[in-house]
Every structure is written in structure tokens, then in C-alpha cells.
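Visitor: Please pick the interior of this structure and take me through it closely. I'd like residue names, and the cut-offs behind each term.

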Amino acid sequence: MASQVLIEVIRDVVNPFEVHASALESTGEFNRQADEVLSTIGPSGVTLDPTIAPVPMLLHAAPVPTLDRNTLQQLNTRGLESARRPQSGSRLESTAATRSFGGRSTVVAATVDEGRIAELRQRPDILVWPNSELVLLDDTATAARVDCRPFRAGVDLDTIRATLAVDRAWTDGFKGKDIVVGIIDEGVNGATYPVSGGFSRPASPAQPGSAAVTSHGSMCAADVKVAAPDARLYDYPFLGIPNSGGALQMFQAVLDQRLRDGTPHITNNSYGFTGVPDTATFPNHEIHDINHPLHRKVREVIAAGVACLFAAGNCGGDCPSGNCQSSGIGAGQSIHASNSLAEVITVAAVNNSRERIGYSSQGPGMFERQKPDIASYSHIFGNFGPGRPGGTAQPFDNGTSAATPVAAGVAAMLLSAFPGLTPAQLKDVLIRTAIGGGGWNADFGHGIIDAGAAYNFLKTSPPPPIV
Amino acid sequence: MKWLLTLKSHPGTARLDEMLRSAGSRLEENAAIIPMEGDVVVEVEGPADFPSRVKEAPEVKAVHPSSDMTLY
């Protein structure tokens, strides 16, 4: 096992700007400098990145206040002076702006065997730093990239957890403990994803926990556990084809339980409609009538303190799911019914590279216009994928169906740290801290969910106590 | 077709059965009676014109479809 890291070798470098410039100008000098650093590190198990020249550092890694303050002041002065001067033609031209600096260390990018990393960390003359992948965050760049069939490869759980930045909350002990997520779906496999409650219709063969591990509900269960492995699950299995009557009964069961013992705290809803019926012919359809009993019941459940996350749908205009009807594909007509209620959290889908997945339904929503609210991650080796419980019947957990429980898990993680959060506060913090925010758009909503940023925000700005 | 029938209050099992039967419909098997802000909602299996068949009944407040959905 090897990792990409930055290795900092502490050593004095005379004329650091010129040394670095010479490596950029000459392959021979590049290789000479790389060999020199490598001989200090020791070459075994270390492969230097051949595209990045050794970088001199002017400041000490450990603060030496006076020395570094002087250096910073010098940099500031010289930088301002240089900005006023005409540009030099050559990197190699030594100027007064660079000549007087001394380098404190040299940094190289390398792929290093895990065993060597542990050894290097022990050395007083070497520092090892992460070399994490960076992502362009500007909306234009993100919006321009769409992941469509054939989709990019899925990613494993460690990767998606790193992308979500759950580490700080987890280090502080918050992994969803004591939070219950109700999964309203086709059922969860309790042997793989233990369920501690739920509801089914009387005499129904679909009892909580009785579904196959390849079920859609099991996928949702796996994806809740991405950010909240300690969360508890309730299973609300539909019988046969889901319909709004079945969902209505499930939400009533949620409300009953919530008023009895305060659980569940969250529901995950990865289902909805795939076409828009004609308004004149079907004025009372779930998509057109905001007073449909299902929508009213959903609002009752949220008013009782249960955050309800709904998938945006898989009828985005770029590469809609095969079961989408033409009336329900694309912007403005693919997020509807309960999934577009103002009170719910509506979730679009992106991949781990933060590219919009082309089937993810696009706003505006048909009830609340600013839908989706946020985007979350799909195409994960959660329940499905190599070595995963559900096997490879599907290449990876997919759909906005998978993105939504990932977001529900983040919500559970946050609630375990800040149990007083109301559904509205939870939605607010997810929106405020979303990546690429700064406004709503039809593809990503207010941006891409960032568990670490949401947690940090709440640590520094906890919501007011409930009176 | 499946419908959600909103009633101003539960009229009692006998009256509900009679009303549904006269409209060519029946309660959905294992359906619960769902309380809703003073009203109750029941799931019904009935013909496509079920709404027009029950609209004159004094207990009836609204009829909505119970449409099939898709797992995303």
C-alpha cells in the first residue's frame, strides 16, 4: 500500500529561487536536484513525482517567530517592489528581489510505501504531509462537467468519507449514535443492516428487516451508514409497487412513533414519480395538488421534528433513467410532488469528482421552485460493488436514491453532535455550508453537501436553544 | 384504480361500507384510517369515475388519486 504525500527535507538552500528556476528550465538540473533529495530521503519505497520540481520553502515548518516575521516582511516588501517593475524575461535572472532569501527546506511530491512513511515520520530532518486531491470549486467549471453513460467508476467508502470530510466529527465521537433514520422504501435486509424498528401493513409479508440484501432499501441503508455508521435504522417497507396511499400510511406510522418516543429523527425517501400527467385531466394528482393527503402528512411529520430527505429524481435532461416519461424529463418538470415541498430537503446527485450525474433531476421544482436544495454523492461501493454485501448485480449504489441516504447519514451525524437541531435548522446548515454555494442553481441546488464544513459551522455557531 | 378518500369524520364502518359499495368500490385491503387535522383519509379501490360517484355524499371532503411511484 502506497500513498501520495509531500516530503519536506529540512536543509538550508542557498539562492532558493534560482535553484528552483534552474530545475524548471533544465531536465538535467531537475533530475540532479531530485536525486539529491532522494538520496537524503533514501530511495527504497519512494517514487518522486517526475512532474513537480523540488520546491524550496522560506519559512520554517515549526514557527521561529522573529526569523519568520522578518522573512514575511521581506517577502511583502520585495513582492510589492517587483509588482511595480517591468517583467523579467527569464526565470533564471537573479534579481535583488530574490537574491537575499535563504531556503529552510525542500519539498517534493512522492508516492511512498506505508512502511516508509512511518519510518520517515520518525526522522528529525523530514516532515511528511498529505498531498490530497484538489477540486475546482467554481460553479461554471462544475456545471460544465456532466457524468453520463458510460459513467465514471464508482468509489469506495473511505474515498467518499474523505470527500465528505467526516473525520473531525468522527474524531470528536459523532457517528450518528442515538439517531434513528427511517427508511421508507422496498425494505431493508436486517441481517446485513440491523433494523431496530419500523412498520408494515398488518399481515404484510414485507416485515421490517425481511428484504433481500439486493433490495433498493438495503442500498439506502448502506448509504446512510457512509457518514453515520452508528445511526439506528427503522424499516418502513412498501408492499409491492409503492403508491402514495402506502407512503401516507408509512408517514402516519412515523408520526405515531415520533409522538410516542421521539424517534425517528430523519426519514429517507428515495422514490417518486417519473412523468407529469396533464393538469387539466388530473388536477388532483400528487404532482399538481399541494393539498394531497400525502403532502399534508409529510408536512405534519416535519412539523413534529422529523427531517425528511427526498431524492430529486433520475429524470435529468442529460441522460435520464430509462423509466422516465417525456413529460417528466429535464429542467422544471422532473422534481415534483412531495419531493418538491418547501419543507423537505431535496437531494440531487454528483459523483466523487463533484460532477453532476446527468440523470439527476433538475429544478425548478413544481411546488417550491428552488429545488433541489443540495447535491450529494452517488456511484459509491456501498451496498453494491466488488466485495460489497449486495454483490455486483449493480456496479455501484446509484441514482439520486443513493445520494439521498448519503445526505441523510450526514444529517444523522450532525444530529448526534447537535441533537437540538430542528429540520429547518438542519436544512439551513447543509445549504449554508454546501460547496460551490453562493446562490441556487437548477442542477446542484445551493451546492454540494460538505459534512466537515457543516460540523465546523455548528461548532462555532451553534443554533439557539429551543425555548 | 386506487384512491385516497378524505372524509370530514369517520362515518362508522357500516355507513362507509354502504357508501363505497354504492360507488362500486371497496376499502383497500389492510388499509388504515389515517387521521388528518380533523379529517380522516381512507384508501379505496374503485373505478376511474369514483370521484364523481361519491361527490354528493355529505361525508366526503375530497378525493385524490393514490398513484404508483417509482424507486429512484
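Guide: What follows is a walk through the nonpolar packing, a few individual residues and one cavity.

First, some ground rules: this is a predicted model, where local features need pLDDT of at least 70 and side-chain atom pairs count only at pLDDT 80 or more, while totals for chains, interfaces and linings use all residues. Residues are numbered from 1 along each chain as its sequence is written, chains are lettered from A and ligands numbered from 1 in the order written, and side-chain values use heavy atoms, leaving out hydrogens and water.

Let's start with the largest nonpolar core, which has 60 residues. (A core is a set of buried Ala, Val, Leu, Ile, Met, Phe, Trp, Tyr and Cys joined through side-chain atoms within 4.5 Å; buried is under 20% relative accessible area, exposed over 50%, partly exposed in between, with a 1.4 Å probe and protein chains only.) Leu164(A), Ile266(A), Leu414(A) and Leu430(A) touch the most other members. Helix H12 of chain A, residues 399-417, gives the largest share of this core, eleven residues. (Helices, H or I with at least four residues, and strands, E with at least two, are DSSP runs numbered from the N terminus.)

Zoom in on Ile266(A). Leaving out residues up to four places away in sequence, Ile266(A) touches Ala408(A), Ala411(A), Ala412(A) and Leu415(A), and its other partners include Ile179(A), Val180(A), Val306(A) and Leu309(A). (Contact means heavy atoms within 4.5 Å.) Apart from the largest core there is another one, of 32 residues, with Val180(A), Phe238(A), Ala247(A) and Leu294(A) among them.

Leu294(A) takes us to helix H11 of chain A, where it is one of the buried residues. Nine of the eleven residues in H11(A), which runs 293-303, are buried, so the rest of the structure largely encloses this helix. The buried set isn't just greasy side chains by name: His295(A), Arg296(A), Lys297(A) and Glu300(A) are among them, along with Val298(A), Val301(A) and Ile302(A). After H11(A) comes Gly305(A), with a positive phi near 100°.

For a polar residue on the inside, try Ser376(A) in strand S15, residues 374-377 of chain A. Ser376(A) counts as buried because its relative accessibility is 0%. Again leaving out residues up to four places away, its contacts include Val347(A), Ala348(A), Ala349(A) and Val350(A), plus Ala403(A), Val406(A), Ala407(A) and Ile449(A).

Gln333(A) makes a nice contrast, sitting in the loop between strands S12 (307-311) and S13 (345-350) of chain A. At 30% relative accessible area, Gln333(A) is partly exposed. Its contacts beyond four places away are Val276(A), Ser326(A), Ser327(A), Gly328(A) and Met366(A). Gln362(A) is 29 residues along the chain from Gln333(A), with 7.8 Å between their C-alpha atoms.

Last stop, the voids: a search of the whole structure turns up three cavities of 30 Å³ or more. (A cavity is a set of points, on a 1 Å grid over protein atoms alone, where a 1.4 Å probe fits but cannot get out; lining residues have an atom within 4 Å of a point.) The second largest holds about 50 Å³, and its lining includes Arg11(A), His20(A), Gln33(A) and Thr106(A). Helix H1(A) contributes the largest share of that lining, three residues.

Conventions: 1 Å grid on protein atoms, 1.4 Å probe; cavity = no way out; pocket = protein on both sides within 12 Å on 5 of 7 lines; lining within 4 Å. Points joined across faces, edges and corners; volume = space filled by probe spheres on them.
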